2 protein chains.
Amino acid sequence: MIAKRLPFSRDEFSRRLTKTRAAMAAKGIDVLFVEDPSNMAWLTGYDGWSFYVHQGVIVFHDEDPIWWGRRQDANGAYRTVWMDDGQVTFYADNYVQSTERHPMQTLAAILREKGYGAKRVGLEFDNYYFSAKAYLTLKDELPAADLIDATALVNWQRTVKSGEEIAFMRKAARISEKIVDGIVERMRPGLKKNELVADILGDAVRGTDDAWGDYAAIVPLLPSGSDAAAPHLTWDGRETESGTATFFEIAGCYRRYHVPFCRTVFLGTPPAFLLEAEKALVEGLEAGLEAARAGNRACDIANALAAPLERAGIERGARCGYPVGLSYPPDWGERTISLREEDQTVLQPGMTFHFMPGLWMQDWGMEITETILIRENGAAECLCERPRKLFVKD
Amino acid sequence: MIAKRLPFSRDEFSRRLTKTRAAMAAKGIDVLFVEDPSNMAWLTGYDGWSFYVHQGVIVFHDEDPIWWGRRQDANGAYRTVWMDDGQVTFYADNYVQSTERHPMQTLAAILREKGYGAKRVGLEFDNYYFSAKAYLTLKDELPAADLIDATALVNWQRTVKSGEEIAFMRKAARISEKIVDGIVERMRPGLKKNELVADILGDAVRGTDDAWGDYAAIVPLLPSGSDAAAPHLTWDGRETESGTATFFEIAGCYRRYHVPFCRTVFLGTPPAFLLEAEKALVEGLEAGLEAARAGNRACDIANALAAPLERAGIERGARCGYPVGLSYPPDWGERTISLREEDQTVLQPGMTFHFMPGLWMQDWGMEITETILIRENGAAECLCERPRKLFVKD
């Protein structure tokens, strides 16, 4: 028997499974196949960079989940999932990237053998990794089954964090603070972007005294000047210049739990329009934090933010946040709630969001953000404690 | 007009588009939609961490490609693609992760407007990011179109690298060597894994004097001892121990071009079985390199490797390599050729592979690998030049 190092208690995993089964029952789903690596990890503990091949977790109502994947990755599953080894099953290597065979043929065979060939099978239709071909193969192989869209079914169970999860996020928050402190300290004109990223990643992975750093689901983003209009450009080897703003979008990560945190640094003397934007943005953040209370709705945060920005003539046109927690690349968001005008989701204690009102304008950008925890009472708690401002270095 | 910093010449992009159009014509495809971020970048230069939302490139026979994505990411497209700004188009932010709207509705509208509503539309059916829901939405929205599986159509055009691409890979190879040198120098009992990863990422991103380091599509993998049986476990904060082998799977990356390179380090005195495995593996690698010649087939490399391993009683059961070059997470492989017994693809000069005969056994593992370039004449060239052995540190 291989020693396991489970991140969470067995009670915690039981709680998650029970919640998921109830959601399956509510949708009339007999068996659920989960390919999202974040959902796989949340349900079973599975942790490995193997999501570039088809793999997943099968959730039953009356049996422990089954981990299913590539043969060589079963070795990782034996070491990371809470289930017995008998619940780990795999397909042969020549199914990988084959034009003759598809891994989903082997998944369908398991479902048929288990008696689900003519049942209601839940699938994550809109998820990275669950491709059109995966769906079409299952449809061919399970002609009598009813394939039901279960996109985000598990993700929704993840929105309210347990005490164990919040403890992980607090550790991640300490790493986020350390990263931002390092950035503010190191930023200067003439610094090569890739050199700075090397230090950011070093801080992120070294972590803190009681928390080793895991990899974040998104690499650091730090465009400057006009490029800061584009939220998702990555770095290159050019030097930072005086007279420009650079935003830093980073997340500390502890055992796959993320606390994103963004700040902007200006080198030199900021122009008036940036200072006005900063003022409106900070005012909007503070209004949003006040609105981020249990019982209020997701849109209340977005609307509270929008008012001061509109007064300053800034129209964003994008959502201003999303839930965060356990994640794998390519995204650290949970893909359920969106903090935007049309989202009526009621906020509950234990929910965690990246409140992220990035300003990406025609030829400039600014990010000042907070990862927040909805409390039983009162305004939201910010998991990081650092000044909420545009940092200026002369 | 925003200044563009294209990584390649216009001739290089023209060559790629011409090849892709010819492949489309051969399959009778009137218009091709490409969601794979590597294919998007290869065709247009687009570079950004925005692949967590639906986006893509539309390839026509008679018009420049169109970049299509989320509104805020159009700012990144204006800065990175070779096409005119008029060929950049976007959908509104409230299509992102909505249960009411799907971005593919807007893609379908473009295809209909352009006259492709009843044509043969190529789609990457088995690709990360092109989800079942994306396919089903397009099917609903384009009822008269013929949706054709074009999985890996563009990937296949990428197998033979141009001179410009090989120059990038040579720069990446210098970074790979630097990373491995740093690992061998730093490894010692009692070193925390995450501390070592911090240094690995630092070396990778700092790069070399003439090449800044980009992020690799896979994080460093470095399991030790029994855990090395599992190829895709990531690090934690535990200390390395004397008497164990640790394999290091890393890649230098320059402007998205990867050169993966793996070596194994033993702390202490290796047991006889590991030394025997090393001997067989190195012999197998050398036999494989000899077989890796233009005109030979992919399977010839796999078979040459297998013979010495079999003599040593080692059965791998997994493919021993794949093409590499431009990539985005979650994989640095190109997902076309597999170096395995059943793959009859004829090797051509300019092809580049990660020759990757990882040994992942019941309770130990070893990786000694090479990224290779198929030459006009003679055996393959190894892009990195470092001793092909198990490194032992007493």
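Buried means under 20% relative accessible area, exposed means over 50%, and partly exposed lies in between. The model used in these exercises is predicted.

## Exercise 1. A histidine in a strand

Decide whether H258(A) is buried or exposed, and describe its surroundings.

**Solution.**

Step 1. Find the residue. H258(A) sits in strand β8 of chain A, residues 257-267.

Step 2. Apply the cut-off. The relative accessibility of H258(A) is 0%, so H258(A) counts as buried.

Step 3. List the neighbours. Leaving out residues up to four places away in sequence, H258(A) touches several residues, among them M169(A), Y215(A), C253(A), V324(A) and W332(A).

Step 4. Look for a polar partner. A217(A) places its backbone nitrogen 2.8 Å from a polar atom of the H258(A) side chain.

## Exercise 2. Two salt bridges within chain A

Compare the pair E141(A) and R112(A) with the pair E177(A) and R386(A). Where does each residue lie, and how accessible is it?

**Solution.**

Step 1. Start with the total. Over all chains, the structure holds 64 salt bridges.

Step 2. Take the first pair. E141(A) and R112(A) form a salt bridge with their closest N and O atoms 3.4 Å apart. E141(A) is in helix α5 and R112(A) is in helix α4, and the two are 29 residues apart.

Step 3. Classify both ends. E141(A) has a relative accessible area of 24%, so E141(A) is partly exposed. R112(A) is at 41%, and R112(A) is partly exposed.

Step 4. Take the second pair. E177(A) and R386(A) form a salt bridge, with 3.8 Å between the closest N and O atoms. E177(A) belongs to helix α7 of chain A, while R386(A) is in the loop between β14 and β15, so the pair ties together parts that are 209 residues apart in sequence.

Step 5. Classify again. E177(A) is buried at 6%, whereas R386(A) is partly exposed at 28%.

## Exercise 3. Two domains of chain A

Describe how domain 1 and domain 2 of chain A meet.

**Solution.**

Step 1. Set the bounds. The domain assignment gives domain 1 as 10-157 and domain 2 as 163-393. Their C-alpha centres lie 33 Å apart.

Step 2. Count the residues in contact. Domain 1 of chain A gives 19 residues and domain 2 of chain A gives 16 residues.

Step 3. State the buried area. The two domains of chain A bury about 1,400 Å² between them, with 55% of it on carbon and sulfur atoms. On the domain 1 side, S38(A), Y128(A) and W156(A) lose the most area, together 35% of what that side buries.

Step 4. Count the polar links. There are three salt bridges across this interface. One salt bridge in chain A joins the side chains of D36(A) and R335(A), at 2.4 Å from N to O. Nine residue pairs are in polar contact across the interface of the two domains.

Step 5. Name the elements. In domain 1 of chain A, α1, α2 and α6 each give two or more residues to the side that touches domain 2. The largest share, four residues, comes from α2(A).

## Exercise 4. Chain A meets chain B

Describe the interface between the chains, then place helix α3(B) in it.

**Solution.**

Step 1. Count the contacts. In chain B, 78 residues are in contact with 78 residues of chain A.

Step 2. State the area. The chains bury about 6,700 Å² between them, 52% of it on carbon and sulfur atoms. W49(B), Q97(B) and H232(B) supply 11% of the area that chain B buries against chain A, more than any other three residues.

Step 3. Count the salt bridges. There are twelve between chain B and chain A. R101(A) and E342(B) form a salt bridge, with the closest N and O atoms 2.2 Å apart.

Step 4. Find the helices. In chain B, α3, α5 and α8 each supply at least two residues of the side that touches chain A. The largest share, nine residues, comes from α8(B).

Step 5. Examine α3(B). Nine of its ten residues are buried, so α3(B) is largely enclosed by the rest of the structure. The buried residues of α3(B) pack against β11 of chain A together with α2, β3 and β4 of chain B.

Step 6. Pick one residue from α3(B). R79(B) and D227(A) meet through their side chains in a salt bridge, at 3.2 Å from N to O. D227(A) lies in the loop between α8 and β7 of chain A and R79(B) in helix α3 of chain B, so the pair joins two chains. Both residues, D227(A) and R79(B), are buried.

Terms used. Residues numbered from 1 in each chain as written. Chains lettered and ligands numbered in written order. Predicted model: local features only at pLDDT ≥ 70, side-chain atom pairs only at ≥ 80, totals over all residues. Heavy atoms only, no water. Contact = heavy atoms within 4.5 Å. Buried area = accessible area lost by both parts, 1.4 Å probe. Salt bridge = Lys/Arg side-chain N within 4 Å of Asp/Glu carboxyl O. Buried < 20%, exposed > 50% of the residue type's maximum accessible area, 1.4 Å probe, protein only. Domains from an automatic or database assignment. Polar contact = N/O pair within 3.5 Å; in protein donor to acceptor, adjacent residues only side chain to side chain.
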